[in-house]
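Biologist: I am new to this structure and would like a close look at a single part of it, the aromatic rings and their neighbours. Please take me through them step by step.

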Amino acid sequence: MPQISAVGNTLVLAGEITAATVPRLQKELSHVLRQKKVSHLDASGIARMDSAGVAFWEELVLKLSKRGPLTIQPASEEIRGVLDSFRSLDLEDVPRPREPGWLERIGGSVVDFWSSFKDSLYLASDVFYWSIVGIWDRHAARKGSLAHQCIVLGQTALPIVGLLSFIVGFIISLQGAIPLRDLGGGHYLANILAFGMVNELAPLFTAIIVAGRSGSAIASEIATMKVTEELDALRMMALNPVRYVVVPKFHALTLMMPLLVTFSILLGELGGAIIALGYLGISPEVFISRSVSVLGLSDFLITYAKSIVFAWLIVIIGAHYGFRVAGGAEGVGRSTTSSVVASILAVIIADAVFSLLYL
Amino acid sequence: MKNPEPVISLRNLEARYGEVSIIKDINLDILPGEISIILGGSGSGKTTLLKNILRLEEPWSGSVKYWGEEVVGMDELRFEDILRKIGVVFQGGALLNSISVFENVAIPLEQHTHLSPSAIERMVRVKLNLVRLAYAMYQFPAELSGGMKKRVALARALALDPQILFCDEPTAGLDPLTAAALDDLLLDLRAKLKMTIVVVTHDLASIHRLADRVFFIDGQSLLFSGTLGEAKASGIPAIETFFRSGRYG
């Protein structure tokens, strides 16, 4: 049992001074020190001490020394050995790194953003260069890598793109059907749905899903390759990592994104058709003819152009965050998260630009 | 002279992955205050044995006792009381990358004691000073070299003043000078803190520097246990090959 007591001006510590007993001793100490003025410390009765006990002892000695002259009755030789092993009083202070102020943080963010933006432009130029060269010069590409990436980035996204598009088409139609019917314009649902899905919802939703799913996969794959020195190994084999790792993904998503958008449009229309046909009683012929009538070739061209730009943004941003990873496994997670946030933001901004250009 | 009571004793321990037996019939005693080396070739089951002793993997059969208390099948909460008395240094350090060196060492103190923040800070500084890394306390694991990471891992393992310290391949991947410095550190800690240390390694130089007792694992079972001198004089071909060539398996 640990004991702390004051006899006259002597503070006596005895028993076990360990991590388990120190919190209780601390409470008792403050009580004792409020009542007595201590100038002598008796440690001869300490039976056992660990590093927590040493920390407590040192803080006690420092505290009492500040109050006035202090003499110490030494502990046993064994305890003195423990005190010596865990002694912290003569350790040099390590200055804490200074936290940057708010202005520095803002400035740092701006500089970081600008440097990141420049790096991504350099990477984009590299990717475009090698992707064009790669179309004619296939010998540096891994055999089957394009097909493999088409499956990984495109085909495996079909179920989630299809399901979400179907639900979106269904919900929009459901929400729109009631006011349209009340206004006597239920048959316009087909027009609204077709126009909305083709021009806006399908490309945007597909891009957001692909950014979250495939963009994060690209970032984490490249970041892991960097952390495990696979990219360095490629360089040492005289293989350009951009050409070898990024370009197949770039080609694959450029091909697959328009297909995914087409799939999204069809499934969205199907979801809407259930409401139009089942709830509003529109015939299939009217639904199809009204859907087609509202769309022109330019709508599809802009949508597919948009989807290809989204695909490029997703691949380049994913690769950019993958290449700039720092800090091991923790860094891979950070890069992946940042890439998803940045690609979704970039996709939405690009969509807004397209909307402004082709109003 | 009668041996002191073992701090860890294994009886008929068997570990399996699925149907495949990795080690079996392991009987050994770890004595207090000694540095015990579990050695053997690559794939001999050293790390599996360590994981079974630490219950990171549950033994297939047999008994593992800490201070005479059976831990196989013991509930997690009771085993945590035992875990607080042991420290483990993993092969790669296994530091938490998202927090600083200081916070890595402070975690067990913050979670398992009710000490004041100033006492915890003092203890962390002392533990980092023991591994000669007090200057790096505000750095992050990603900024450290492999040897530094292992020393921080050692400081973290020492945070709660463990009675037993386990080290899995502490010198793996280190240059000879850093490896020797780490071994000297373990010897110094044993002398100062009177800890029992269990080291899993096949680094011959480390074995020669550290071993009070060696346990040689071969062919899934414990081939030999005794002092280093006894091992060398045992006349067992596998052990002779190991010590002669410096390589095995």
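Modeller: Trp312(A) is partly exposed in this predicted model, because its relative accessible area of 28% falls between the limits of 20% and 50%. Its ring pairs with that of Phe250(A), the two centres lying 5.7 Å apart and the planes meeting at 15 degrees, and since planes under 30 degrees apart count as stacked, this pair is stacked. The two partners come from distant parts of the chain, with Phe250(A) in helix 9 (residues 241-278) of chain A and Trp312(A) in helix 11 (residues 297-323) of chain A, 62 residues apart. Phe250(A), for its part, has a relative accessible area of 4%, so this residue is buried.

This pair belongs to a wider set, for a search of the whole structure finds 12 aromatic pairs over all chains. Among them is the pair of Tyr129(A) and Trp130(A), which is edge-to-face, with 5.0 Å from centre to centre and 75 degrees between the planes. Trp130(A) itself counts as buried, because its relative accessibility is 18% and the limit for that term is under 20%. Elsewhere in chain A, ring pairs join Phe113(A), Trp114(A) and Phe117(A) into a cluster.

Aromatic rings also meet charged side chains here: the charged end of Arg290(A) sits over the ring of Tyr188(A), 5.4 Å from its centre, while in chain B, Arg55(B) lies over the face of Phe79(B), at 4.8 Å from the ring centre.

Definitions and conventions
Residues are numbered from 1 along each chain as its sequence is written. Chains are lettered from A and ligands numbered from 1 in the order in which they are written. This is a predicted model: local features need pLDDT of at least 70, side-chain atom pairs count only at pLDDT 80 or more; totals for chains, interfaces and linings use all residues. Side-chain values use heavy atoms; hydrogens and water are left out. Rings of Phe, Tyr and Trp (its six-membered ring) pair if their centres lie within 6.5 Å; planes under 30 degrees apart count as stacked, over 60 as edge-to-face and the rest as tilted. Buried means under 20% relative accessible area, exposed over 50%, partly exposed in between (1.4 Å probe, protein chains only). Helices (H or I, at least four residues) and strands (E, at least two) are DSSP runs, numbered from the N terminus. A charge sits over a ring if NZ of Lys or CZ of Arg is within 6 Å of the ring centre and within 35 degrees of the ring normal.
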